[in-house]
Amino acid sequence: MTETQQAQDWDPSDPSVRVNQTAAYDRMRGTCPVAHSEALNWSLFRHEDVSRALHDPETFSSAVSHHVAVPNGMDRPEHTVFREVVDRYYTPEKMAEFESALQALTAQLLQELTDDAVPVTSGAQGEAAASGAGESVTVEVMSELANPFALRCQSAFMGWPRELEPELERWVHRNHEATTSRDRSRTAEVALEFDGYIRQLLDERRNAPADQDNTSRLLHETVYDRKLTEDEIVSIVRNWTVGELSTIAGAVGIVLGYLAAHQDVQRHLRENPEQIVAATDEIQRIEDPFVTNRRVTTRDVELSGREVPAGSKITLMWSSANRDEEVFGDPDEFRLDRDPQQNLVYGAGIHVCPGAPMARLELKVLLERVFDLTERIEPAGDMVGAQHPAGGFHTVPVRLVLR
Ligand code: HEM
């Protein structure tokens with residue numbers, strides 16, 4: 001059977017999947033761990049199969065698209081050359097340099113958010129009053145905290161002006177709508193629009209010194225003894241921006257929603273703040289902000305007893321592999337003593353996330369500041385799950401009970 005004739009094992013757009021992706025992927029992992037569908041081709045749900053693909057990039061190629069995709073759409077040896085450029089921006093020294101700007105923007109955003117705090121009086125907030133806390137503020141995390149936080153982090157890291165933020169915010173919204181509608185031409189149109197913003201930012205920096213900001217620095221990078229092309233830079237910046245604006249934002253919603261719903265974990269982290277980074281990795285293992293990535297097979301392979309021919313498109317199901325009971329036991333159990341090597345939240349192998357040091361730092365700084373400011377974070381309504389290809393939640397209502 002060819003790829004197009006292959007029978008459909010499941011339908012990723014079925015309402016039962018859309019209503020709760022995580023639960024649907026859990027079921028697939030149990031019943032059909034290597035499953036074919038028209039939309040996602042061959043989906044790998046088990047940790048073992050996903051890990052195998054990650055650690056055998058010769059068989060599971062990342063060259064899945066004809067578009068320039070630096071470095072995610074590249075294989076070795078080209079990937080190594082471009083990846084070296086990208087990695088230079090996320091070293092421990094670079095992260096230490098970025099931290100003071102990150103602390104300042106986080107403090108400012110939380111200040112704006114809590115300016116509207118109201119005194120705690122009665123009802124659901126009575127407990128807060130009893131504990132001595134004077135005020136609380138109800139926040140829809142995704143729109144009021146996660147998205148603005150990610151946007152300001154990205155602008156600060158890249159050296160972009162604050163005036164661009166409302167434009168980028170509207171773009172993130174349109175991009176989200178286009179990707180969830182699965183309308184490819186609309187998605188391509190929105191991507192082009194984004195490229196326009198980036199090309200303008202690059203044009204403004206043509207004559208700027210390399211050390212002005214990270215955007216101008218990219219204009220001076222070289223590969224194979226030549227400068228990066230504009231298309232390569234735009235692709236790099238697009239990847240970083242999506243990593244920040246959608247994945248970090250998703251992670252913020254997941255982590256704050258989880259802590260609101262799990263007061264025991266929240267108390268533990270308030271008492272043991274040095275465990276915040278391990279905890280944000282573990283919470284994202286339970287509920288992954290990043291759902292899928294693609295590969296294409298360069299030869300016939302057998303995965304979980306199924307024959308997958310050469311040239312097959314593969315979808316790595318991160319949010320399923322990270323919940324595989326064969327590796328993690330009860331996937332919903334929060335544990336800080338798990339083997340970090342098994343956690344695939346930032347991937348593994350040559351394409352492991354280069355932005356992971358920044359993602360971890362941003363989540364840590366945000367949680368530390370939120371803990372400083374609050375007595376407690378409580379749920380303030382039902383969380384609404386996002387739909388594939390987005391991960392995490394669309395709506396996360398919480399109440400910040402202030403100190
Ligand atoms: C919570 C936040 C994040 C999560 C969970 C995450 C997750 C991942 C994962 C699982 C991969 C592996 C993809 C694959 O194997 O095909 C990846 C790759 C990548 N991520 Fe992230 N990411 C996050 C944030 C970021 C940020 C902030 C940036 C940049 C600023 C970023 C940039 C990238 C890039 C460029 C790649 C491709 C690397 C390559 O192909 O060599 N990510 N990310």
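Student: Hi! Which atoms pair up between the ligand and the side chain of arginine 83?
Tutor: Hello! In this predicted model, an oxygen atom of the ligand sits 2.8 Å from an N or O atom in the side chain of arginine 83.

Student: And what about arginine 295, how far is its side chain from the ligand?
Tutor: There, an N or O atom of the arginine 295 side chain is 2.7 Å from a ligand oxygen.

Student: What does histidine 351 do with the ligand?
Tutor: Histidine 351 has a polar side-chain atom 2.6 Å from an oxygen atom of the ligand.

Student: OK, stepping back: how many residues surround the ligand?
Tutor: The count is 27, and the closest ones are His79, Arg83, Arg295, His351 and Cys353. Sorted by class, the shell has 14 nonpolar, 10 polar and 3 charged residues.

Student: Which elements supply at least two residues of that shell?
Tutor: Those would be α4 (78-87), α11 (230-261) and β8 (292-297).

Student: Which one gives the most?
Tutor: That's α11, with 7 residues in the shell.

Student: Now the iron. What donor does the protein offer it?
Tutor: A single one: the SG atom of Cys353, 2.3 Å from the iron atom of the ligand.

Student: Where does cysteine 353 lie?
Tutor: In the loop that connects α15 (325-328) with α16 (356-373).

Student: Changing topic, β8 is in a sheet, right? What is the strand order?
Tutor: The order is β1-β2-β11-β8-β3, an open sheet of 5 strands with mixed pairing. At the edges are β1 (34-37) and β3 (60-61), each paired on one side only.

Student: Which helix packs on that sheet?
Tutor: Helix α3 (residues 47-55) does, touching β1, β2, β3, β8 and β11 (313-317). The direction of α3 makes about 120° with that of β11.

Student: Back to β8 then. How many bridges does it have with β11, and in which sense do they pair?
Tutor: β8 and β11 are joined by 5 bridges and pair in the antiparallel sense. As a landmark, valine 296 stands opposite lysine 313 in β11.

Student: And β3 with β8, parallel or antiparallel?
Tutor: Antiparallel, over 2 bridges. Here phenylalanine 60 faces threonine 297 of β8.

Student: Last bit: how does β1 join β2?
Tutor: Through 4 bridges, with β1 and β2 (residues 41-44) running antiparallel. To find that pairing on screen, look for alanine 35, whose bridge partner in β2 is serine 43.

Notes. Residues are numbered from 1 along each chain as its sequence is written. This is a predicted model: local features need pLDDT of at least 70, side-chain atom pairs count only at pLDDT 80 or more; totals for chains, interfaces and linings use all residues. Side-chain values use heavy atoms; hydrogens and water are left out. A residue is near a molecule or strand if one of its heavy atoms lies within 4 Å of it. A polar contact is a pair of N or O atoms within 3.5 Å; within protein, one must be able to donate a hydrogen and the other to accept it, and residues adjacent in sequence count only if both atoms are side-chain atoms. Ala, Val, Leu, Ile, Met, Phe, Trp, Tyr, Cys and Pro count as nonpolar, Asp, Glu, Lys and Arg as charged, and the others, Gly among them, as polar. Donors are N, O and S atoms within 2.8 Å of the metal (3.2 Å for Na, K and Ca); water is not among the atoms, so sites may look incomplete. Two strands pair if DSSP finds at least two bridges between them. Contact means heavy atoms within 4.5 Å. Axes are lines fitted to C-alpha atoms, for helices over the stretch in contact, and angles run from 0 to 180 degrees between N-to-C directions.
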